[in-house]
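Visitor: Hey, could you walk me through the aromatic rings in this one? Short answers are fine.

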Amino acid sequence: MRAAVFADKLLDTRYRVETPEGIELALAPAGVVARSYAFLIDFGVRIGVFAVSATTLQVLGGFGFGFGLALLVFFALEWLYPVVFELSPWAATPGKRALGLRVVMDTGLPITPAASLTRNLLRAADFMPFLYAFGLFSMLARRDFKRLGDLAAATLVVYVARPPVPDTLPAAAARPPAHRLSARAQSALVAWATRVP
């Protein structure tokens, strides 16, 4: 019995957080595969935006002017692209949104600007020595799949909870209430019933 409980804890990848109000949240951290697909989608978006902007800048200006602006665009796409999207209301880049992921603080709260900058600047450390080896090793070594940037910024990449689809109620014959309801109570029930879906 005890071994089975221990095995269940090893297989459980839920990240549990208690809010100041005493409510326990269960967050589902995103693993290596989902985050890799999100990275590839974002990489494709960045390459596409850079190709279009570099071509446009080359046509508009001379070699030096166009090349300099293209380098600025590359810098912005590499370092500011994830920060801008993580600070948006979706808290995710387009790649993460496509896979139903979101970046939050360890506490389950929305990500802060300082945390977003920290986690994205440390992508350079995660990349070392080649092809995100340190980041991959860090993610595989932890149950919450945090890379080095997430550890330093106290952030977590989680799956977005999908709202449950309400079931339709079975058809039933109407019955009069057991107690007579006042007009105010009737209007309160009607108002509540319209908010249920």
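Visitor: Is Tyr-81 buried or exposed?
Guide: In this predicted model, Tyr-81 is buried, because its relative accessible area of 8% is under the 20% cut-off.

Visitor: And what about Phe-85, buried or partly exposed?
Guide: Phe-85 has 28% relative accessibility, so that one counts as partly exposed.

Visitor: How far apart are Tyr-81 and Phe-85 along helix α3?
Guide: They are 4 residues apart in α3, which covers residues 63-86, so about one helical turn separates them.

Visitor: OK, switching to ring pairs. What do people use to describe one?
Guide: Two things: the distance of the centres and the angle of the planes.

Visitor: How many aromatic pairs are there here?
Guide: The count comes to 5. One of them joins Phe-39 and Tyr-132, with ring centres 5.4 Å apart.

Visitor: Why is the pair of Phe-39 and Tyr-132 called edge-to-face?
Guide: Because their planes are at 70 degrees, and over 60 counts as edge-to-face.

Visitor: Where do those two sit in the chain?
Guide: Phe-39 is in helix α2 (residues 32-60), while Tyr-132 is in the loop between α6 (123-127) and α7 (133-141). They are 93 residues apart, so the pair links distant parts of the chain.

Visitor: Are Phe-39 and Tyr-132 buried or partly exposed?
Guide: Phe-39 is partly exposed at 29% relative accessibility. Tyr-132 is partly exposed too, at 25%.

Visitor: Back to Tyr-81 and Phe-85 for a second. What kind of ring pair do they make?
Guide: An edge-to-face one, because the planes of Tyr-81 and Phe-85 are at 65 degrees. Their ring centres are 5.0 Å apart.

Visitor: Which residues do ring pairs link into a cluster?
Guide: Phe-39, Phe-43, Phe-127 and Tyr-132.

Visitor: Cool. What lies over the face of Trp-79?
Guide: That's Arg-123, at 5.5 Å from the ring centre.

Visitor: New topic: the backbone. Which peptide bond is cis?
Guide: The one from Met-128 to Pro-129, with omega near -20 degrees. Pro-129 is in the loop between α6 and α7, and Tyr-132 has its place in that loop as well.

Visitor: What is the phi of Tyr-132?
Guide: It's positive, about 60 degrees, although Tyr-132 is not a glycine.

Visitor: And Phe-145, is its phi positive or negative?
Guide: Positive, near 55 degrees, and Phe-145 isn't a glycine either. You'll find Phe-145 in the loop between α7 and α8 (148-153).

How values were computed:
Residues are numbered from 1 along each chain as its sequence is written. This is a predicted model: local features need pLDDT of at least 70, side-chain atom pairs count only at pLDDT 80 or more; totals for chains, interfaces and linings use all residues. Side-chain values use heavy atoms; hydrogens and water are left out. Rings of Phe, Tyr and Trp (its six-membered ring) pair if their centres lie within 6.5 Å; planes under 30 degrees apart count as stacked, over 60 as edge-to-face and the rest as tilted. Buried means under 20% relative accessible area, exposed over 50%, partly exposed in between (1.4 Å probe, protein chains only). A charge sits over a ring if NZ of Lys or CZ of Arg is within 6 Å of the ring centre and within 35 degrees of the ring normal.
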